[in-house]
Amino acid sequence: MDKIRYMISFLLGCLQLTGFSVFAQQQPNRPNIVFILADDLGYHDLSCTGSTYYETPNIDRIAREGTIFTTGYSASQVCSPSRASLFTGRSPARHGITDYIGARYGTAWRKQQRYSKLLPASYDTALHHAYTTLPEALKAGGYKTFLAGKWHLGNQGSWPEDHGFDVNIGGWGYGSPAGGYFSPWKNPKLENKEPGENLSICLAKETAKFIRENNPNTTGTPFFTFLSFYAVHGPIQTTRDKWKKYRDKAEKRGIADKGFEMAKYLPMRQVQDNPVYAGLVETMDDAVGIVLRALEEAGIADNTIVVFTSDNGGVSAGDAFATANLPLRGGKGYQFEGGIRVPYFIKVPGLANGKQFDTPVINTDFYPTLLELCGLSLKPEEHKDGKSLAPMLQGSEIGQRSLIWHYPHYGNQGGEPSSMIRKGEWKLIHYYEDGRNELYNLQADPGEQQDISARYPNQVKNLWKELQAYLTQTGARYPMSDPEYDAQKEKQYLQQIKDIKMPELEAQRRQFLSTDFDPGDNWWGSEPPTSTKR
């Protein structure tokens, strides 16, 4: 009966229509929010989105009990820009963080020895304090705010506590899990408590602890928790038991003779059969389960919005070469769908449960959506590139719009300096090396295999004009030609990748799948030093 009464109360609150919100400005029990962000998790890296190799029952449950946006996007193909967009509701072109913070640009790019035609554009290296972030907006609306995990949006002075989070556990300037996934890690904002403790599990426990200690049934104050996993970012690590589970599973399914194909700059993984990565994914899912149980045990699951998404696509090339995003093309760092399309689930008690929407949405939409779901006024001057999805959750449409991406950099994973625009089924990619435009019909060709720009010149003209106008309006920065570019050196570099890197990756893949694989260091520190387990 309590659940029924809550649902009636919640839905009645939705009936009040104002100029800013379809939700009541004064609700008796504003919903809590648990926002879960994975790092580098690909669209097809979950059981519920098509993987037959990885197992993710807890994340699948969020999708099953909530709403699935099948065409959900990150605002960038790499982490820092995407995260800044999520918190500000602004695109990377607008907020200025267009690459991961720490990436080289300008003449410093030459130190990468990639011998590229262009020098990547400069970018901002910290989140601007002038912006009112999502946690700041929620805090002003009466919410207690908490972050556990990755931040990567600036050094000290621009950490989570400087941008609206009351509590910060584990968020600092570094983007990968310093020290690895097993304690002792090297994170100044995260205490080492148990030798060998898993990082994802630790962050989930801290989140569960916050939920218990800040139960609104006791405090009277709703909360916004942001569980920002470092997983599944490289270096990929797992336990012996999870590795064996997935090694055996790969063998039972049949191990492919070849795991990689050469793309333009780097080899790209073609199969999901990495048992180390699979174990890392499952452990993150275990951690999600800890948080979901904490909500139930606190008696507040029926008054809590749960969001799950990823900051960019899965890593199929570069970094740990960990997963395959097929049938989507590319992966993290790429201008193709595999780099920007991500899991995108929203569970709102009493609304749209079990539904799916194919309408393209993007992570800048979370800011206005959550404000509206919580009965708070929208801030259109802040979340300029976001649109509230609350009407969709109630069964209405939000209308067609254009989605735009800007990445004037070379990705560590093989992506190229480019900008993209999607409008309806059309997607245009503009490349800065040679100024060409590619056009794809994503409804007919979701894998972006056929460039149809020559067949539809008017479509190209109109989309390119709209993209240019947006970039000009937002003051976007662009790469520059490198006067020291040497085509022969670039050719030699790419040949070395093909001749040396490709065989190395295939050898590593076979090693991970061998029965006697042992990474050393007591399985990355997950086992006691005296362990003799076999």
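Reader: What makes the crossing of helix 8 and helix 9 right-handed?

Author: It's about which way you turn. A crossing gets that name if the near helix is turned clockwise from the far one, by less than a right angle. In this predicted model, helix 8 and helix 9 have a right-handed crossing, so the turn there is the clockwise one.

Reader: And why is helix 8 called oblique to helix 9?

Author: Start with the angle: helix 8, residues 240-253, packs against helix 9 at about 120°, and their axes are 8 Å apart. Roughly perpendicular ends at 115 degrees and roughly antiparallel needs over 145. The value of about 120° falls between those two limits, so helix 8 is oblique to helix 9.

Reader: Which residues make the contact of helix 8 with helix 9?

Author: From helix 8 you get K242, W243, K245, Y246 and R247. Helix 9 brings P275, V276, A278, G279, E282, T283 and D286. Sort them by class and you have five nonpolar, two polar and five charged residues.

Reader: What makes helix 6 roughly parallel to helix 9?

Author: Same recipe. Helix 6 covers residues 199-213 and packs on helix 9 at an angle of about 10°, with 8 Å between the axes. Anything under 35 degrees counts as roughly parallel, so helix 6 gets that label. On the helix 6 side, the contact is made by S200, I201, A204, K205, T207, A208 and I211. On the helix 9 side, it includes T283, M284, D286 and A287, and also I290, V291, A294 and L295. The class count for this contact is ten nonpolar, three polar and two charged.

Reader: How is helix 2 placed against helix 9, and how do you know?

Author: Helix 2 and helix 9 pack at about 55°, their axes 7 Å apart. That value is over the 35 degrees allowed for roughly parallel but under the 65 where roughly perpendicular begins, so helix 2 is oblique to helix 9. Here P57, N58, I59, R61 and I62 of helix 2 meet M284, D285, D286, V288, G289, L292 and E296 of helix 9. Six of the contact residues are nonpolar, two polar and four charged.

Reader: What lines the largest cavity?

Author: The lining is R61, I62, E65, L292, L295, E296, A301, V306 and K347. Helix 2 (57-65) and helix 9 (275-297) each give at least two of the lining residues.

Reader: Why is that space called a cavity?

Author: Because a 1.4 Å probe fits inside but can't get out. The volume of the largest cavity is about 70 Å³. With a cut-off of 30 Å³ or more, the count is four cavities.

Reader: How do the residues lining the largest cavity divide by class?

Author: Five are nonpolar, none polar and four charged. Now look at the second largest cavity, with about 50 Å³ of space. Its lining has seven nonpolar, two polar and no charged residues. W172, W185 and Y230 are among them, and so are S176 and N187.

Reader: What makes the bond between S183 and P184 worth a look?

Author: It's a cis peptide bond, with omega about 15°. Most peptide bonds are trans. P184 sits in the loop between strand 6 (167-169) and helix 6.

Reader: Where does V232 lie, and what kind of peptide bond runs from A231 to V232?

Author: V232 is in the loop between strand 7 (223-228) and helix 8. The bond from A231 to V232 is cis, and omega is near 10°.

Reader: What is the phi of Q113?

Author: Near 55°, which is a positive value in a residue other than glycine. Most residues other than glycine have a negative phi. You'll find Q113 in the loop between helix 4 (92-95) and strand 4 (118-119).

Methods: Residues numbered from 1 in each chain as written. Predicted model: local features only at pLDDT ≥ 70, side-chain atom pairs only at ≥ 80, totals over all residues. Heavy atoms only, no water. 1 Å grid on protein atoms, 1.4 Å probe; cavity = no way out; pocket = protein on both sides within 12 Å on 5 of 7 lines; lining within 4 Å. Points joined across faces, edges and corners; volume = space filled by probe spheres on them. Helix = DSSP H or I, 4+ residues; strand = E, 2+ residues; numbered from the N terminus. Nonpolar A, V, L, I, M, F, W, Y, C, P; charged D, E, K, R; others polar. Axes fitted to C-alpha atoms, helices over the stretch in contact; angles between N-to-C directions. Contact = heavy atoms within 4.5 Å.
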